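Reader: I'm new to this one. Can you walk me through it?

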Amino acid sequence: MRYGRELLKGSTEHLILSLIGQEPMYGYRLIKEMEKRSGGYFRFKQGTLYPALHRLEKDKLIQGKWERLPNGQERRYYYLTELGQRALDEKRAEWEGFSAAVNLVIEPANLAEV
Amino acid sequence: MLPELRRYLINISLNSRLDPREDGDVVRELQTHFEDEIEELCEAGFSDREAVDMATRRFGSARDIGRELYEVYSGGTWLQALLAGVPHLLIALTFALHLWRTSYWLIFVSLVIGGVTLYAWRRGRPGWFYSWLGYFSMVSLAVAFLVIFVAERVLPPLVLGNNALWVVIVVYVGVALCLMGYIVIRVVRRDWLFASLMLLPFPVLFVWFVALERDMGLMDYPRHGFQGGDLEVAFTFLALGGVSAAFIRLKQRHLKVGILSIGTLFILAMIWRFTENGFHPVICFLLALFLTILVMSPAVLQCRVRRWREEVEASDRALPEKVWERQ
């Protein structure tokens, strides 16, 4: 579990960019969406999400805008910027390379081939 | 909003030490998060109080989140670092080019310092603003002395009376000190480190005054200038500019404290090296100690201000919602 938390810590920004890249979202929805899509695996101290969001915004990878919901409440939606899209593409490529390499190492079938 | 939640958000706000505009935006965003979370928990059957308790536990330590937010916003850009160094560079230039005897230049520098300070004050008081604020309070001091000087000549004894100048000076110094104290307390409410950044030129000027008074007498300085030229004075202000710029660029709080304290000692050592005979080691140690305490004193002041605010908060639960929002 501790290992999983460490992995999550290193991938938070990648996950945030991926979710926002699919659809603009506000903080609370992002957390719920991450929990739902990971089947509850990615459950973390919710407050850590906001410094991460603001860091990404400061790096101009995402942009936050206050928007009014149909019920009159306001929420701060985050949008992926062009720079963010490029960073996301890079991170995705990195992740694919990394996970493919890890699979090659840990899959028993690959051991047999060697 | 329940008081527990309000206190929790205040705690995040106090630890993040953001400028009022950023702070308002961040707190509002976190508030909307809790609205959603608490609503969901209440729908699941929890009471308001239980929902707040659970939501804040899920959110994490207010202090840690505040500190993380602080690190996100505390590191300024190169432009902001440059802006923090500019007032010191202006003073350094004034001495390096021997312009401190030129009244037009002094008026120009005063106007620039006043203008930029007021502009930055209206634009949400960013971090670099505080190195301008220090000089701004000095300029207002100098202007007031000029007014007293002129008044003494234009409005002779008829209006001011005998020894009236001294009365005016004493009253003015009292008012100036109160004003300075008020500004420092206002700055400390946000972050004592900014108050230290603002006070940074004071020890440098103080040590220069002590050194000049000892070597030649302050009154003779305008006539003869400092032995070996004004360049040494300029170097110390250049170093101050470097310290201020580094302070703005750094993200971690302990590094900011480090650069302020080491920077102050380094500049004092520079002055000691530049003065003709140096100071006696004991005097030097005492001066360094006193001035480091002066630069770090806002930290103590902040503890007292916060404790006082907590007491007020505890004794007056009926405060309107917006009161806790800073400035």
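Author: Let's start with a term. Helices (H or I, at least four residues) and strands (E, at least two) are DSSP runs, numbered from the N terminus. This is a predicted model, where local features need pLDDT of at least 70, side-chain atom pairs count only at pLDDT 80 or more, and totals for chains, interfaces and linings use all residues. Residues are numbered from 1 along each chain as its sequence is written, chains are lettered from A and ligands numbered from 1 in the order in which they are written, and side-chain values use heavy atoms, with hydrogens and water left out.

Reader: Ok. How many helices and strands does chain A have?

Author: Chain A has five helices and three strands. Along the sequence they run α-β-α-α-β-β-α-α.

Reader: And chain B, what's its secondary structure?

Author: Chain B has 15 helices and zero strands.

Reader: What share of each chain is buried?

Author: Buried means under 20% relative accessible area, exposed over 50%, partly exposed in between (1.4 Å probe, protein chains only). In chain A, 38% of the 114 residues are buried. In chain B, 46% of the 327 residues are.

Reader: What about contacts across the sequence?

Author: A contact means heavy atoms within 4.5 Å. Take the contacts between residues at least 6 apart in sequence. In chain A, 41% of these join residues at least 24 apart. In chain B, the figure is 73%.

Reader: How much surface does each chain expose?

Author: Areas come from the Shrake-Rupley method with a 1.4 Å probe; for residues, only the protein chains shown count as cover. Chain A has about 7,200 Å² of accessible surface, 54% of it from carbon and sulfur atoms. Chain B exposes about 17,400 Å², and carbon and sulfur atoms supply 68% of that.

Reader: Which residues form the nonpolar patch on the surface?

Author: A:Trp95, A:Phe98, A:Val102, A:Leu104, A:Val105 and A:Ile106, with about 610 Å² of accessible area together. Patch residues have over 30% relative accessible area and no salt bridge; like charges are joined within 9 Å, nonpolar side chains (Val, Leu, Ile, Met, Phe, Trp, Tyr) within 5 Å. A salt bridge is a side-chain nitrogen of Lys or Arg within 4 Å of a carboxyl oxygen of Asp or Glu.

Reader: Where does A:Val105 lie?

Author: A:Val105 is in helix H4 (residues 82-106) of chain A. A:Val105 counts as exposed because its relative accessible area is 60%.

Reader: Which residues gather in the patch of positive charge?

Author: A:Lys58, A:Lys60, B:Arg249 and B:Lys251. Lys and Arg count as positive and Asp and Glu as negative; His and the chain ends are not counted. Each charge is placed at NZ of Lys, CZ of Arg, CG of Asp or CD of Glu. B:Arg249 is found in helix H13 (residues 231-249) of chain B. B:Arg249 has 31% relative accessibility, so B:Arg249 is partly exposed.

Reader: New topic. Is B:Thr117 buried or exposed?

Author: Buried, because its relative accessible area is 2%. B:Thr117 sits in helix H6 (residues 103-122) of chain B.

Reader: What does B:Thr117 contact?

Author: Leaving aside neighbours within four places in sequence, B:Thr117 touches B:Phe129, B:Trp132, B:Leu133 and B:Phe136.

Reader: Anything odd in the backbone?

Author: B:Arg17 is not a glycine, yet its phi is positive, near 50°. B:Arg17 is in the loop between helix H1 (3-16) and helix H2 (20-43) of chain B. With 12% relative accessibility, B:Arg17 counts as buried.

Reader: And what's phi for B:His98?

Author: Near 55°, a positive value in a residue other than glycine. B:His98 is in the loop between helix H5 (78-96) and H6 of chain B. B:His98 is partly exposed, at 44% relative accessible area.
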